[in-house]
Amino acid sequence: MYLAAEKGDITTIIGGIAPNWGPFGGLGNEARVMIEVVMAVAILLCLGIAIWGAAKQRIGATALRDTFSAEQGKGLIVAGLTGVFIIGSLGTLFTIVYGMAV
C-alpha cells in the first residue's frame, strides 16, 4: 500500500476525476476559451437578471406597495438563479451524456 502511494500524486487523483471536456476534448485552446467566455457572460447576465428581480421585488413590495411588481421580481430571481445553475452545470451534463453515449 505504501508503494502505491509513492507512484501517484495529487495531480493524478485530480486528473482522474476532472472532466476532459467530453465531446469538446478535440477542440483547441482558443475554442475552449471562447466557450468559457460565452458561458461566463451568460452567467453574469443571469446574475444581473436575479439582482434586477431582487431590486424590483424590494421596491415593489415596500416603496410602491405594488404586489404585481413584487411577484415579477420573484419570477426574475428564480429565472436568473435557475439560469446560473443550468449554465454552471452544462460542462458536467455534456460530459455525462457523452460518456453514456460512448
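**Exercise 1.** Determine whether the end-to-end distance of helix 4 agrees with the span expected at 1.5 Å a residue.

*Solution.* Helix 4 has 22 residues, for which 32 Å should be spanned. The expected span is 1.5 Å times one less than the number of residues. The end C-alpha atoms of helix 4 lie 32 Å apart, so the two values agree. Helices here are DSSP runs of H or I with at least four residues, numbered from the N terminus.

The model is predicted: local features need pLDDT of at least 70, side-chain atom pairs count only at pLDDT 80 or more, and totals for chains, interfaces and linings use all residues. Residues are numbered from 1 along each chain as its sequence is written, and side-chain values use heavy atoms, leaving out hydrogens and water.

**Exercise 2.** Establish how the buried residues of helix 4 are arranged about its axis.

*Solution.* The buried residues (under 20% relative accessible area, 1.4 Å probe, protein chains only) include Ser69, Gly73, Gly80 and Ile87. Seen down the axis, the buried residues fall within an arc of 150°, so they line one face of helix 4; the arc is taken from the directions from the helix axis to the C-beta atoms. On the face turned away are Thr67, Phe68, Val78 and Phe85, which are exposed (over 50% relative accessible area).

**Exercise 3.** Characterise the setting of Ser89.

*Solution.* Ser89 occupies the loop between helix 4 (67-88) and helix 5 (90-101). Its relative accessible area is 17%, so Ser89 is buried. The Ser89 side chain reaches the backbone oxygen of Ile86 at 3.2 Å.

How values were computed: Helices (H or I, at least four residues) and strands (E, at least two) are DSSP runs, numbered from the N terminus. A polar contact is a pair of N or O atoms within 3.5 Å; within protein, one must be able to donate a hydrogen and the other to accept it, and residues adjacent in sequence count only if both atoms are side-chain atoms.
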